[in-house]
Amino acid sequence: MGGSQSREGLEISDSDEYEDEEEESEEYEEAKSSSASKSHFQTPDSARSSETLGTLDEVDARLRSLKLKYSSKRPSPNLKNAIKLYLHVGGNTPRAKWITSEKLTSYTFIRAEPDNPDDDGEEESDDEGTSKDSNICWVFKIGSKVRTPVTSTLQLKMFPEQRRVDFVALGVWAIKFFADEDYRAFVTKFQNCLFENLYGLEATEENRVKIYGKDFMGWAKPEAADDSIWEDAEDSFARSPASLTPLTASQDLREEFEEAANGGIQSLALGALDNSFLVSDLGIQVMKNFSHGIHGKGAFVNYNGGGAHGNTSSFEHSTPKKALLMKAETNMLLMSPMTDGKPHARGLHQLDIETGRIVTDWKFEKDGADITMRDITNDNKGSQLDPSASTFLGLDDNRLCQWDMRDRKGIVQTIVSGDTPVLNWNQGHQFSRGTNFQCFATTGDGSIVVGSLDGKIRLYSRTSMRMAKTAFPGLGSPITHVDVTYDGKWILGTTNTYLILICTVFIDKDGKSKTGFTGRMGNRIAAPRLLKLTPLDSHLAGVNNQFHGGQFSWVTENGKQERHLVASVGKFSIIWNFQQVKNSNHGCYQNREGLKSCYCYKIVPKDESIVDSRFMHDKFAVSDSPEAPLVVATPMKVSSFSISGRR
């Protein structure tokens with residue numbers, strides 16, 4: 001499986017033609033200057049042969065020749081925002097290439113109604129004091145070929161050394177600028193328009209402070225951010241006693257198993273012991289864990305009776321979308337949303353995996369009133385392996401809590417004819433104002449990270465759910481999934497168009513190293529890193545090309561270091577080398593504008609959109625492989641991949 005560079009085609013095929021035109025334009029301007037001073041002039045041919053023209057008549061004749069030959073190619077001095085436009089054709093076939101769409105055109109930014117981006121609106125103004133209307137959005141326009149709102153879905157990628165920008169807009173495009181200052185002016189204008197579209201505020205210093213806060217100005221101005229924490233992290237990674245060799249460019253992913261699933265797969269529940277599980281719209285398929293992936297055992301639990309052990313069960317609502325293993329992986333909690341398209345549920349079902357029976361239908365209740373949950377997770381990274389665990393965490397839009405499956409008298413509730421047992425609200429907090437929580441995850445010690453609709457990521461200690469120890473500002477995109485390393489030092493947030501990697505480590509006033517879960521970070525906060533697809537790969541990923549489910553490889557021991565990150569987007573599973581992403585000297589970060597973004601990854605392509613991609617537990621990493629197998633589920637199939645150990 002190749003990396004991104006093999007797909008991207010960094011050098012545009014007609015770059016030589018572009019350079020020739022640039023030289024010709026320079027020669028034309030030199031000729032004019034020479035004529036005005038009646039000095040000697042060199043033609044393109046004479047420049048190579050050092051042959052000098054000797055008479056004024058010859059100079060005039062050569063000037064006329066140059067003007068006729070090159071005037072249609074060189075930038076017009078009266079054309080504002082002049083660029084050259086390219087289009088990528090051929091997809092990922094051997095015939096893929098860049099073609100010239102417009103040899104000379106121009107771009108502009110237009111303010112238009114967000115519900116009607118095709119409206120001509122108002123063109124960009126040089127007056128920075130103009131008042132802004134939050135109901136107006138910026139639209140990016142190139143001649144008659146491109147017209148699109150300024151959003152992160154453009155997947156803008158910059159190449160300063162080439163004065164080039166690539167992006168996606170119903171196709172993959174590239175624009176090249178004729179001067180460095182033109183390139184820099186475009187980048188600045190684009191970033192200002194993006195800020196305004198995201199936050200509804202003009203991109204001023206005052207408004208950036210309002211959005212990010214004074215402690216997080218390194219997020220707004222990455223060039224001024226302190227990278228020392230990232231450098232310290234690189235050292236700690238190298239010192240980790242359990243670190244195995246991370247994935248390198250010369251290593252490949254080898255497919256071990258692929259098999260059809262019973263029904264449409266909704267989610268994966270990977271186990272660290274003997275079994276893993278596929279949750280589908282018909283039932284639960286039991287898989288056997290091997291050192292090279294997962295393989296079907298033939299056992300199947302049907303939701304509506306006729307399961308592996310002849311059990312009968314019924315589900316009040318739709319197919320379970322969330323499965324959580326508990327009690328040393330002998331039980332599974334299944335949460336079914338009340339309505340399709342929304343994750344909220346009023347209760348869950350407890351499945352005894354050994355008997356294949358639903359033993360309890362639980363409901364969520366607080367102070368005698370029914371409530372909903374949008375997500376559940378284990379108390380900590382390893383608690384699914386605890387045979388005595390009876391609690392788990394719940395999340396709703398404005399609630400963060402812990403549920404207990406024991407009643408107030410300390411007796412474990414069992415299902416009986418009559419009312420559905422009620423889960424006990426063990427601890428937590430219901431926030432009065434809209435926090436719009438979306439997703440959460442836990443560390444090895446039970447600290448909690450929560451992602452929100454506004455893009456904020458909050459850190460809670462394991463002893464308090466009322467007040468966040470640290471709240472990282474959003475970058476304008478909702479957090480749809482979040483994960484955290486076992487040691488709590490790194491957070492991975494997923495948005496539709498990129499992943500955000502945050503370091504939670506800081507040095508307190510006493511010189512001690514802490515994480516944002518245990519203390520307030522103040523202004524000692526490093527800027528995050530972004531993980532992105534190239535515009536071409538984003539386009540090739542398919543129509544449903546939104547990131548989801550980004551997470552670290554899976555460890556459950558102190559001293560162990562996660563080695564890779566994986567996320568799904570459309571028909572691709574994308575793998576990043578964790579150590580490479582943290583390396584401040586990595587090539588992707590050199591001479592780049594804005595937050596450092598990494599485009600170096602491995603791609604696992606599938607024929608269908610991917611439901612989930614996850615690494616198995618670290619215990620399944622064998623001696624000839626640097627990582628545990630990767631499991632990739634599509635609606636109708638599940639595949640396992642091992643990373644080759646060859647160097």
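In which loop is the place of Gln-155? Select this residue to begin, and the viewer will take you to the loop between β5 (146-149) and β6 (157-159), where helices (H or I, at least four residues) and strands (E, at least two) are DSSP runs, numbered from the N terminus. Gln-155 has a phi near 50°, a positive value in a residue other than glycine, and it is buried, with a relative accessible area of 6%; buried means under 20% relative accessible area, exposed over 50%, and partly exposed in between, with a 1.4 Å probe and protein chains only.

Before going on, keep in mind that this is a predicted model, in which local features need pLDDT of at least 70 and side-chain atom pairs count only at pLDDT 80 or more, while totals for chains, interfaces and linings use all residues. Residues are numbered from 1 along each chain as its sequence is written, and side-chain values use heavy atoms, with hydrogens and water left out.

**The whole chain**

Zoom out, and the chain shows 10 helices and 41 strands. Of its 647 residues, 53% count as buried. Among the contacts in the chain with a separation of 6 or more, 58% are accounted for by residues 24 or more positions apart, a contact meaning heavy atoms within 4.5 Å.

**A second positive phi**

Select Leu-170 next, in the loop between β7 (164-168) and β8 (172-177). Leu-170 is not a glycine, although its phi is positive at about 55°. Is Leu-170 buried or exposed? At 90% relative accessibility, Leu-170 counts as exposed, whereas Gln-155 is buried.

**Along strand β2**

Now move to strand β2 (residues 97-112), and pick out Trp-98, which has its place there. Trp-98 is buried, with a relative accessible area of 5%, and its C-alpha atom is separated by 6.3 Å from that of Tyr-86, 12 residues apart along the chain. Add Arg-164 to the selection, and you will find it over the face of Trp-98, at 5.4 Å from the ring centre; a charge sits over a ring if NZ of Lys or CZ of Arg is within 6 Å of the ring centre and within 35 degrees of the ring normal.

Thr-105 is also found in strand β2, and at 11% relative accessibility it counts as buried. Not counting residues up to four places away in sequence, Thr-105 touches Leu-79, Asn-81, Ala-82, Ile-83, Leu-85, Ile-142 and Gly-143. Thr-105 and Gly-143 are 38 residues apart in sequence, yet 6.4 Å apart in space, C-alpha to C-alpha.

**Aromatic rings**

Show the aromatic side chains, for which a search of the whole structure finds 23 aromatic pairs. Tyr-107 and Phe-109 form one that is edge-to-face, at 5.8 Å centre to centre and 75° between the planes; rings of Phe, Tyr and Trp (its six-membered ring) pair if their centres lie within 6.5 Å, and planes under 30 degrees apart count as stacked, over 60 as edge-to-face and the rest as tilted. Both Tyr-107 and Phe-109 are buried. Widen the selection to Phe-140, Phe-167, Phe-177, Tyr-183, Phe-186 and Phe-190, which form one aromatic cluster together with Tyr-107 and Phe-109.

Farther along the sequence, Trp-576 and Tyr-601 form another edge-to-face pair, with 5.6 Å centre to centre and 70° between the planes. This pair links distant parts of the chain, 25 residues apart, with Trp-576 in strand β36 (residues 572-577) and Tyr-601 in the loop between β37 (597-598) and β38 (602-605). Trp-576 is buried at a relative accessible area of 0%, and Tyr-601 counts as buried at 4% relative accessibility. Select Phe-578 as well, where the charged end of Lys-582 sits over the ring, 4.1 Å from its centre.

**A last stop at Asp-618**

Finish at Asp-618, whose place is in the loop between β39 (612-615) and β40 (630-633). Asp-618 is buried, with a relative accessible area of 9%. Which residues does Asp-618 touch, not counting residues up to four places away in sequence? They are Trp-554, Val-555, Lys-560, Arg-563 and Ala-628. Asp-618 and Lys-560 are 58 residues apart in sequence and 9.0 Å apart in space, C-alpha to C-alpha.
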